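Colleague: I should like to learn how backbone and core features are read from a model. Could we begin with the backbone?

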Amino acid sequence: MSRTPDRWRGLGDPCRSGVASHTMKTPKYMFVTLLLAGITSLVAQAVPREPWLSMTAQPANTLHGVTFGDGLFVAVGDLGTILTSTDGANWTARTAATSQVDLYAVTFGAQGFVAVGATRDSFSQPVVWTSPDGYVWTPRDVSALNLSWGNNLLGVTCGDGVYVAVGGNATTNTVQTSTNGIDWTMRDSHLSNSGLTPLSAVAYGNGLFVAAGSWLMTSPDGLVWTQQDSSWYRVYGLTFADGRFVGVGPYSLVCSTNGTNWTQGTQSVYDFYGVAYGDGFYLCVGNYGHPFYTANGTDWIAQTDSFFANAIAYGNSVFVAVGPDGKIYRTASTMHLSLQQGPTASLTLTALVPGTCRILGTGLLPDTNVWTTLATIPLSSSPTNWTDWDSTNAAARFYRAVWTP
C-alpha cells in the first residue's frame, strides 16, 4: 500500500511536520498572515508518522512487552531482560534478579511497574516482578497460588487500583489480582481450556476489565468474572483508549465500546501481537512486517515501513515497538515549527526527543511536488534555530520540516 501523504500544517501547529511561509517584501506581511490563516484552515489530523527509527538493545534478547508510565518506557523479555528509556531512543539495561525467567508483559499502575512471565525450566511456573520506579526490580513469591506447571502469565494491566494478571496453559485459564503488586490472589475464571490459546491479554477502561485469548471475559472489579461470547476471536494484544477496547491477534482486528459486543475490522490473514493508542490513532504490530493503524478501530491501513514486533506502547509523543533479538523501533517525535519574519527567514524547531529532520522549501504552495531540501538538521537539543540565508533571493518561500531516518 502506498505511503499516506503528509498532512499540511499551519505555522506553530504542534505536529510532526509543519508548513510556514516567508515573504520578502515588508508591505506583504499582512498578506502572509492571511495566507497562513488559510493554511491553518486546511489542518487535518496527522497519521502515525514514518519512518520508524530502529536500534538493537543490549543484551540482544527477544523482547515481549513494553509499557510507558511516569515518564519512562519499560521493555521486558527473555532471560530476565529489563530495559528502560525516557525517550524511546536511548535504552539502559537494568539488573535482573535472575536470568532463568522469560518476561512476557509489563504495566504501570498505582504502586509502580509490574512485569509477569514464567520460569525457563521444563515445569515452568508463573513469575511476577515489581518495581516502584522501573529501575530496581524485586521478584515476588507467587508459589502459594499453587498453579499447575506451564501456567505462564502472559498479560497484565492495572485499573482502579487493582493489578490483574492473566495467562494459563493447555488446560487452564488463569486470572490473579493484587492491590500492591506483591500479594496476589487467584480468581475463578470459570473457564477450563481445551488446547486453545489461554488468556493472553487484559485491559481496563470505562470501569471494566476485559481479558481475552481464545475466550472473552469481563469483570467490573477484577474479582468476579463473566464469560462473554463463546465464538470469540483469538486475541494476543488488547488496549483501551478513546472510549474503545481494541484487540488484535491472528486474523483478528476487533473493537468494542462496552467490552461485550465486538466488531470485526479490516480483514487480515496475519498475526498481530500488540496494540497501543496515541495521537488519535490505534497502532498495531506483529509478524506481517507492516504496522497497521486506525482512527475508529475498524478501518485499518498498513504503513510502508516493514519490521516484526511483539508489543507496542505510546508515550512522550512517540510509539515504541519491541521484538525479536532485542530490536526496538520508535516513530519520529512530534515536531513544532515556527517562523520569524525579517530580512532573512529564521526557523525554530522543537521536538520532545532527538532526531534528524529536513527543511524543505517551495515558492509554489499549491504544487506539493516541488518541495526542495534546503537543509538537514540534527535536533540534538531543543529548540534548534536555522536561518535561510538564501531567502532574500526569493519573492516568497514556504517551509516544511519532516523527519528523516
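**Reading backbone and core**

Modeller: This is a predicted model. Let us take tyrosine 251, which sits in the loop between β20 (244-249) and β21 (252-256).

Colleague: What is the phi of tyrosine 251?

Modeller: Most residues other than glycine have a negative phi. Tyrosine 251 has a positive phi of about 65 degrees, although it is not a glycine.

Colleague: Which other residue has a positive phi, and where is it placed?

Modeller: Serine 317, with phi near 70 degrees, is a residue other than glycine with a positive value. Its place is the loop between β27 (311-315) and β28 (318-322).

Colleague: Is serine 317 buried or exposed?

Modeller: Serine 317 is buried, because its relative accessible area is 8%, under the 20% cut-off. Tyrosine 251, at 47% relative accessibility, counts as partly exposed.

Colleague: Which residues does the cis peptide bond join?

Modeller: Most peptide bonds are trans. Here a cis bond joins glutamine 58 and proline 59, with omega about 5 degrees. Proline 59 belongs to the loop between β2 (52-56) and β3 (63-69).

Colleague: How many residues has the largest nonpolar core, and which strand gives the most to it?

Modeller: A nonpolar core joins buried residues through side-chain atoms within 4.5 Å. The largest has 17 residues, and Leu347, Leu349, Cys357, Ile359 and Ile377 have the most contacts inside it. At least two residues each come from β30 (335-340), β31 (345-351), β32 (356-362), β33 (372-378) and β35 (396-404). The most come from β31, with four.

Colleague: Which residues does isoleucine 359 touch?

Modeller: Not counting residues up to four places away in sequence, isoleucine 359 touches several residues, including Leu347, Leu349, Ile377, Trp386 and Tyr399.

Definitions and conventions: Residues are numbered from 1 along each chain as its sequence is written. This is a predicted model: local features need pLDDT of at least 70, side-chain atom pairs count only at pLDDT 80 or more; totals for chains, interfaces and linings use all residues. Side-chain values use heavy atoms; hydrogens and water are left out. Buried means under 20% relative accessible area, exposed over 50%, partly exposed in between (1.4 Å probe, protein chains only). Contact means heavy atoms within 4.5 Å.
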